[in-house]
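User: Please take a close look at one part of this model for me, the place where protein meets DNA. Then place that part in the wider setting of the chains.

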There are 2 protein chains.
Amino acid sequence: MAKVLKTKDKILNAAERLFAEQGFEHTSLRQITGIADVNLASVNYHFGSKKALIQAVMERYHSAFMPELDIRLVELEAKGVTSTEQVLNCFIEPLLSLQRINPNGTSIYLSLLGHAYSEIQGHLRRFTMQNFGHVVQRFLACVQQANPHLTLSTLFWRLHFTLGATVFVQVSGQALSEIAEADFGEQASAQDMIAKLIPFLAAGIAAPV
Amino acid sequence: MAKVLKTKDKILNAAERLFAEQGFEHTSLRQITGIADVNLASVNYHFGSKKALIQAVMERYHSAFMPELDIRLVELEAKGVTSTEQVLNCFIEPLLSLQRINPNGTSIYLSLLGHAYSEIQGHLRRFTMQNFGHVVQRFLACVQQANPHLTLSTLFWRLHFTLGATVFVQVSGQALSEIAEADFGEQASAQDMIAKLIPFLAAGIAAPV
DNA sequence: GTTTAAATTAAACGACTGTTTTAATCGGTC
DNA sequence: GACCGATTAAAACAGTCGTTTAATTTAAAC
């Protein structure tokens, strides 16, 4: 008995798919309502604006991911951080748990994050930091504890390099996966990509100056 | 005797500045012609289309940078590559030499590259690979020579992480620099950013699996 | 069955985009 | 000075976008 989705959920589902595939700005409300098979005006009726729709799509994932991440960071902080890789590993399970929202939840969330940061979505950044800024702070503290030899400035830059590498790969993820599959015959799931990413990032963050 | 610029050059200069600051898609022809103080229609008259203008802006930098990079990669290849950092260092001088085109040439070029890859500019990617694909190939060969312990697949992914980190930081460069200056009192020039980036990337690429 | 609010629909709005058209002007040549 | 191609100028074009309006339908409460 496939549940009949209400208009609001049909919009959210269509939007998250298109946003992840094409980014926020390249996706028009007409595309979304076309796929969702609802009227154009219903987006503004149910969500108020496109901005608000974007935030609603993100929040569904944020609110599932962030608390999970925070739990693991707190645990790690308590028992003491000894390596950068430890910190990054805290991301794995929370990311994979997003598959409960959607079978492709992990890559969708990462894609959305990627587009949120590569497009100029100031309102999203503010929105995220307001709601989950403390998680970001805790993450930073953990990385710092793992790398006491690095100055705050160096850490600042390296974390942004980290963010950049992650984000970019997710945005170009589909295209890259196709190339990788053609060239190396390997299908790269979101999980595989994370596994490949972590050693790279950990080594980069902890690199000597 | 400040040389009076012809319309075509006024457009190119205004376009490269705005493209670097805002990206290609967020920059309208009306913005460009407004700053350049020329008529809107002159863009299509002199360049044919916005796409063609984008390529013209990129080519000015590509044609200055790519041959310089190639020279250094060939030299390095001849004397034998022993470390990843060696390969990345080949980028420094060619990047800095772009300041002859424009005092901010280095960061403008990197910004343009960033936007070219984070926006979906398929035509630019094709254009670049057609003209300078051999340089990319040589770069790949050098990295491979420096890291014989890595599989081609691992290398493929790590180079894209590398690209991502570089690109992202350049796109968000201005915003990040401002934060860094506020928090750590350091002004981060394009040169500084490259110097911070290379150890991070080199360690990431060469990391153990 | 009537009432009332919620939800859906079709249509238009106003603002923006890249591009094209048509006419006016500029610069150099005979 | 008259000609002529190259350049500039103002205006309109055709398309897309997010949003709003006003009318209609649906669904639940009484």
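Analyst:
**Two chains, two strands**

The copies, chain A and chain B, meet through the same surface, because 100% of the interface residues of chain A are also interface residues in chain B. The model is predicted. Chain A superposes on chain B by a rotation of 180 degrees, with 0.0 Å of shift along the axis and an RMSD of 0.1 Å. That is the relation of a two-fold axis.

Take DNA strand D now. It is surrounded by 15 residues. The closest are A:Leu29, A:Arg30, A:Lys50, B:Thr7 and B:His46. Of the atoms of DNA strand D that come within 4 Å of the protein, sugar and phosphate account for 48%.

Which atoms sit by the phosphates of DNA strand D? Three cases can be described. A:Leu29 uses its backbone: an N or O atom there lies 2.9 Å from a phosphate oxygen of DNA strand D. B:Tyr45 uses its side chain, with an N or O atom 3.0 Å from a phosphate oxygen of the strand. B:His46 also brings a polar side-chain atom, 2.8 Å from a phosphate oxygen of DNA strand D.

Next, the elements behind this surface. Chain A supplies at least two residues from helix 2 (29-36) and at least two from helix 3 (41-46). Helix 3 (41-47) of chain B also supplies at least two. Helix 3 of chain B gives the most to the surface near DNA strand D, with three residues. By class, the residues near DNA strand D are five nonpolar, seven polar and three charged.

Turn to DNA strand C. Here, too, 15 residues surround the strand. A:Thr7, A:His46, B:Leu29, B:Arg30 and B:Lys50 are the closest. Sugar or phosphate makes up 51% of the atoms of DNA strand C within 4 Å of the protein, and the rest belong to bases.

The phosphates of DNA strand C can be read in the same way. A polar backbone atom of A:Asn39 is 3.3 Å from a phosphate oxygen of DNA strand C. A:Tyr45 comes in through its side chain, where an N or O atom is 3.0 Å from a phosphate oxygen of the strand. From chain B, an N or O atom in the side chain of B:Ser28 is 3.3 Å from a phosphate oxygen of DNA strand C. The elements that give two or more residues to this surface are helix 3 of chain A, together with helix 2 (29-36) and helix 3 of chain B. Helix 3 of chain A has the largest share, three residues. The surface near DNA strand C has five nonpolar, seven polar and three charged residues.

Now some other positions in the chains. A:His123 is in helix 8 (residues 122-146) of chain A. Its relative accessible area is 10%, so A:His123 is buried. The side chain of A:His123 makes a polar contact with the side chain of A:Gln55, at 3.0 Å. Beyond neighbours within four places in sequence, A:His123 is in contact with A:Lys51, A:Ile54 and A:Gln55.

B:Ala141 lies in helix 8 (residues 122-146) of chain B. With a relative accessible area of 29%, B:Ala141 is partly exposed. B:Ala141 and B:Ser177 are 36 residues apart in sequence, and their C-alpha atoms are 33 Å apart in space.

A:Leu96 belongs to helix 6 (residues 92-96) of chain A. Its C-alpha atom is separated by 9.3 Å from that of A:Phe65, 31 residues apart along the chain. Leaving aside neighbours within four places in sequence, A:Leu96 is in contact with A:Thr106 and A:Gln191.

Last, the cysteines. How many disulfides are found over all chains? The search of the whole structure finds zero. Look at A:Cys90: the closest cysteine sulfur, in A:Cys142, is 6.6 Å from its own sulfur, too far for a bond. A:Cys142 is in no disulfide. Both cysteines are shielded: A:Cys90 counts as buried at 8% relative accessibility, and A:Cys142 counts as buried at 0%.

Note on methods
Residues are numbered from 1 along each chain as its sequence is written. Chains are lettered from A and ligands numbered from 1 in the order in which they are written. This is a predicted model: local features need pLDDT of at least 70, side-chain atom pairs count only at pLDDT 80 or more; totals for chains, interfaces and linings use all residues. Side-chain values use heavy atoms; hydrogens and water are left out. A residue is near a molecule or strand if one of its heavy atoms lies within 4 Å of it. A polar contact is a pair of N or O atoms within 3.5 Å; within protein, one must be able to donate a hydrogen and the other to accept it, and residues adjacent in sequence count only if both atoms are side-chain atoms. Helices (H or I, at least four residues) and strands (E, at least two) are DSSP runs, numbered from the N terminus. Ala, Val, Leu, Ile, Met, Phe, Trp, Tyr, Cys and Pro count as nonpolar, Asp, Glu, Lys and Arg as charged, and the others, Gly among them, as polar. A disulfide is a pair of cysteine sulfur atoms within 2.5 Å. Buried means under 20% relative accessible area, exposed over 50%, partly exposed in between (1.4 Å probe, protein chains only). Copies are superposed by least squares on the C-alpha atoms of residues with pLDDT of at least 70 in both. Contact means heavy atoms within 4.5 Å.
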